[in-house]
Amino acid sequence: MKSLRYTSSPLLASRTPVWRSKFIVAMLLLAFVGLIGRAVYVQVINNAFFQRQGEVRFARTLDLPASRGRILDRNGLILASSVVAPSIWAIPEDVDKDSAKRRQLAKLLDMSVADLNAKLKDEDKNFVWLKRQVDEPVAKQIAELKIAGIYQRREYKRKYPEGAAAAHVVGFTNIENKGIEGAELSFDKALIGRAGSRRVIKDRLGRVVEEVGDEVPPVDGQDIQLSIDSKVQFFAYQKLRDAVTTHKAKSGSVVVLDSQTGEVLAMANYPSYDPGDRADLSGPQLRNRALTDTFEPGSTMKPITVGMALDAGKVTPKTLINTSPGSYQLDKFTIRDTHNYGTLTVEGVIQKSSNVGALKIAQRLTPHLMWDTYTALGYGQKPELMFPGAAIGRVRPWKSWKPVEQATMAYGYGLSASLFQMAHSYTAFAHDGEVIQATLRKVPEGTPVHGVKVFTEPTAREIRHMLQMAAGPGGTGQRAQTVGYSVGGKSGTARKQVGKGYASGKYRAWFTGMAPIDKPRIIVAVMVDEPSNGEFYGGAVAAPVFSEVVQQTLRLMGVQPDMAVKPEIVNNSNVEESF
């Protein structure tokens, strides 16, 4: 074979002009210079801009969640705490499509395979929550599946050991650990702490490939110690629940106050809810009725009317009041008692709960004096309690009162208040004439307690004696008596308002009182809404709950019994009070 000679081709044999070679080399050199210049521009001259662009695309600030502070009762028992609860998330396009693994994952997440696939359907997303705040054992099992594209984030969720019993006091948080109700909301700023952070570089799959800068550690939230006694709270809730169920009532509330310090020892409502069950966190059961619901306080106002008259020198405990014939005509209105009690002493007016007697005593007072006393006791005023949704109630300005309004206010109609306000106002009788500030925080031992003087000390003692008569033999609150402790209190029954009138056959029944009567340690107020199983008077429906709560609370507080005899009940059916 002849050897190939390239020079035989006219094209290959032609000489390339020198200027063309130099031009090509020059272009290559120019390109390299341009690249070098660009590199200098990017790396040196405008480095900050491109650094920011890179950070926007790949740098992330990751939050390091702080553990929310605990809520404790007065004895240090836990009412709310945070536990680790990892949240499960995914990058849809990276998730293993193995159907067996997906079935296992769906089962652990307590969802159907269809729901899981629906969450993972959009592969254009690079982040999707599968389930927030699962239990740690579940998270561990998910990790053991080693499914590509499935990740976990460390979070916390709240646990509430006392459940429904303390739900309205403690409240709950949302899934982001922000306080929504109760103490969780009231003290949210202290409880929440401060989240930490760290800067990282992530790849396109969301994986951390490098840490940037110093980590800022989280600061956990503060613990909050409430005045609540969890044992008293649970017992009060149980007895209230039993009463609401027994009397086929719509709802009920109970408040227990330390009459020496103003601390709230218990505040329970029924129906309640489980604050740990997010499916149950809606509806009317969330209302803390003891604080948010207002109503006409009825006969519990009669001791206040008498206290004003005693201090004003208008009556003495033995002053005679003619209540015959059991009714009183005022303008176009007829005010009635349940019985014709004839002539009663002022003490007897409280014991028998006479409306006619109360209004005749009030007629000796000025509207201005009555209004001043009501407001000093907290009626128509926002409660000084760090708690969301506390109702103000209503007391109309005294200048607009008509004679009939002054008369009806004497026995608790024409104004409105919450059960908490009623209980709080009775601190004036229990604390020798002073209304003391109520609190949900534990008061350190030895802290001096100062109040606002509303009644004189002798008047407060006289009213306590009258309250003891009302809860004793012949009174309307006999069923409030308890074994070993002297008690005093006032029952009340009121028709429920509907618009501008009153509903037929619908009542609220309550009892507010204190014990032991000579030196009261606690005040207990009980309200049952719409009892419908035959009995509806406060002395029959609410007083027995008061009795049980008082006895158990005083025992838990270590208060020595002051009576050696069992309660004396004369005519057990005598629980009717005028309303």
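Modeller: Glad to walk through this predicted model with you. One definition to begin: the expected span of a helix is 1.5 Å times one less than its number of residues.

Biologist: Thanks! How far apart are the end C-alpha atoms of helix 21, and what span should its residues give?

Modeller: Helix 21 covers residues 543–556, which makes 14 residues. At 1.5 Å a residue the helix should span 20 Å, and this agrees with the distance between its end C-alpha atoms, 20 Å.

Biologist: Which residue follows helix 21 with a positive phi?

Modeller: Inside the helix, the buried residues include Phe-546, Val-549, Val-550 and Thr-553. Just after helix 21 comes a residue whose phi is positive, near 75°, and that residue is Gly-558.

Biologist: Let's move to the cores. Which helix gives the most to the largest nonpolar core?

Modeller: This core holds 86 residues, and among those touching the most other members are Leu-226, Ile-304, Tyr-374 and Phe-420. The top contributor spans residues 302–311 and gives five residues: helix 12.

Biologist: And how many residues are in the second, separate core?

Modeller: Ala-249, Val-526, Ala-542 and Val-559 are included in that second core. Its count is 33 residues.

Biologist: Now the open sheet of four strands. Which strands stand at its edges, and why is one side of each left without a neighbour?

Modeller: The strand order is 7-3-2-12, with mixed pairing. A strand with a single partner has one side left without a neighbour in the sheet, and this applies to strand 7 (156–159) and strand 12 (224–225).

Biologist: Which residue in strand 3 stands opposite Ile-71?

Modeller: Strand 2 (residues 71–72) and strand 3 (residues 78–84) run antiparallel, joined by two bridges. Across from Ile-71 in strand 3 stands Ala-80.

Biologist: Is Ser-67 buried or exposed?

Modeller: Ser-67 sits in the loop between strand 1 (59–64) and strand 2. Leaving aside neighbours within four places in sequence, Ser-67 is in contact with Ser-82, Tyr-156, Leu-191, Asp-220 and Gly-221. The cut-off for burial is under 20% relative accessible area. Ser-67 has 16%, so this serine counts as buried.

Biologist: One more serine, please. Which side chain is joined to that of Ser-491 by a polar contact?

Modeller: Ser-491 lies in strand 23 (residues 488–498). Ser-491 is buried, with a relative accessible area of 1%. A polar contact of 3.0 Å joins the Ser-491 side chain to that of Thr-476.

Technical notes
Residues numbered from 1 in each chain as written. Predicted model: local features only at pLDDT ≥ 70, side-chain atom pairs only at ≥ 80, totals over all residues. Heavy atoms only, no water. Buried < 20%, exposed > 50% of the residue type's maximum accessible area, 1.4 Å probe, protein only. Polar contact = N/O pair within 3.5 Å; in protein donor to acceptor, adjacent residues only side chain to side chain. Core = buried A, V, L, I, M, F, W, Y, C linked by side-chain atoms within 4.5 Å. Pairing = 2+ DSSP bridges. Contact = heavy atoms within 4.5 Å.
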